[in-house]
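Here is a friendly note to go with the structure you asked me to look over. It is set out as numbered points that you can read alongside the model.

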Amino acid sequence: MTDDANAPGYFVLRQEDNETWKLITQLMEPVEAANREEAIVKATEGLDAKEQNGAFLVLSENEYAPINRTVQPTTIDKFQ
């Protein structure tokens, strides 16, 4: 938590695989941070090194973003 009462709150999710995102924000409460990068650092404090790295999605409390399944590219090797 920051001392600034006006700091925005962020929810932080980490991508587990192509179809799964995991909410890592503790107790489903937003992390108060000055920016999205700081929110990731605060949300991952105390986690092991593997969980502190990866792809993250950071949403502010009033933000909406669809999380869609990613489509894997088809490689030319499949057609040979």
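1. Let me start with T25, which is buried, with a relative accessible area of 5%. That value falls under the 20% cut-off for buried residues. T25 is placed in the loop between β2 and β3. Please keep in mind throughout that this is a predicted model.

2. What does T25 touch, once residues up to four places away in sequence are set aside? Its contacts are Y10, F11, V12, P30 and V31. The side chain of T25 also has a polar atom 2.6 Å from the backbone nitrogen of V12. You may want to display this pair when you open the model, with T25 in its loop between β2 and β3 and V12 opposite V58 in β4.

3. Now for the overall layout. The chain has one helix and four strands, and read from the N terminus the order of elements is β-β-β-α-β. Of the 80 residues in the chain, 21% are buried. The exposed surface comes to about 6,200 Å², and carbon and sulfur atoms supply 50% of that area. If you count contacts between residues at least 6 apart in sequence, 51% of them join residues at least 24 apart.

4. How is strand β1 paired with the other strands? With β4 it runs antiparallel, and five bridges join the two; here V12 stands opposite V58. With β2 it also runs antiparallel, through three bridges, and L13 stands opposite L23. β1 and β2 form a hairpin, with five residues between them. The pairing of β1 with β3 is antiparallel as well, over two bridges, and G9 stands opposite E32 in β3.

5. Is β1 enclosed or open? Five of its seven residues are buried, so the strand is largely enclosed by the rest of the structure. One general reminder may help when you look along it: in a regular strand the side chains alternate between the two faces of the sheet.

6. Which residues make up the largest nonpolar core? There are nine: Y10, V12, I24, V31, A33, A39, I40, A43 and V58. Two elements, β1 and α1, give two or more residues to this core. The helix α1 gives the most, with three residues. Some of these names have come up before: Y10, V12 and V31 are among the residues that T25 touches, and V12 and V58 are the pair that stand opposite each other across β1 and β4.

7. On to the charged side chains. As a general point, side chains of opposite charge can pair when their charged atoms come close. In this model the count is four salt bridges. One of them links R14 and E51, at 3.8 Å from N to O. R14 lies in strand β1 (residues 9-15) and E51 in the loop between α1 (36-44) and β4 (56-60), so this pair ties together parts that are 37 residues apart in sequence. R14 is buried, with a relative accessible area of 6%.

8. E51 has a salt bridge to K22 too, at 3.7 Å from N to O. K22 lies in strand β2 (residues 21-23) while E51 is in the loop between α1 and β4, so the pair ties together parts that are 29 residues apart in sequence. What is the exposure of K22? At 37% relative accessibility, K22 counts as partly exposed.

9. Another salt bridge joins the side chains of E38 and K42, at 3.1 Å from N to O. Both residues lie in helix α1, four residues apart, about one turn of the helix. E38 is partly exposed, with a relative accessible area of 26%, and K42 is partly exposed as well, at 23%. Elsewhere, salt bridges that share partners join R14, E16, K22 and E51 into one network.

How values were computed. Residues numbered from 1 in each chain as written. Predicted model: local features only at pLDDT ≥ 70, side-chain atom pairs only at ≥ 80, totals over all residues. Heavy atoms only, no water. Buried < 20%, exposed > 50% of the residue type's maximum accessible area, 1.4 Å probe, protein only. Core = buried A, V, L, I, M, F, W, Y, C linked by side-chain atoms within 4.5 Å. Contact = heavy atoms within 4.5 Å. Areas by Shrake-Rupley, 256 points an atom, 1.4 Å probe, with all protein chains shown as cover. Polar contact = N/O pair within 3.5 Å; in protein donor to acceptor, adjacent residues only side chain to side chain. Pairing = 2+ DSSP bridges.
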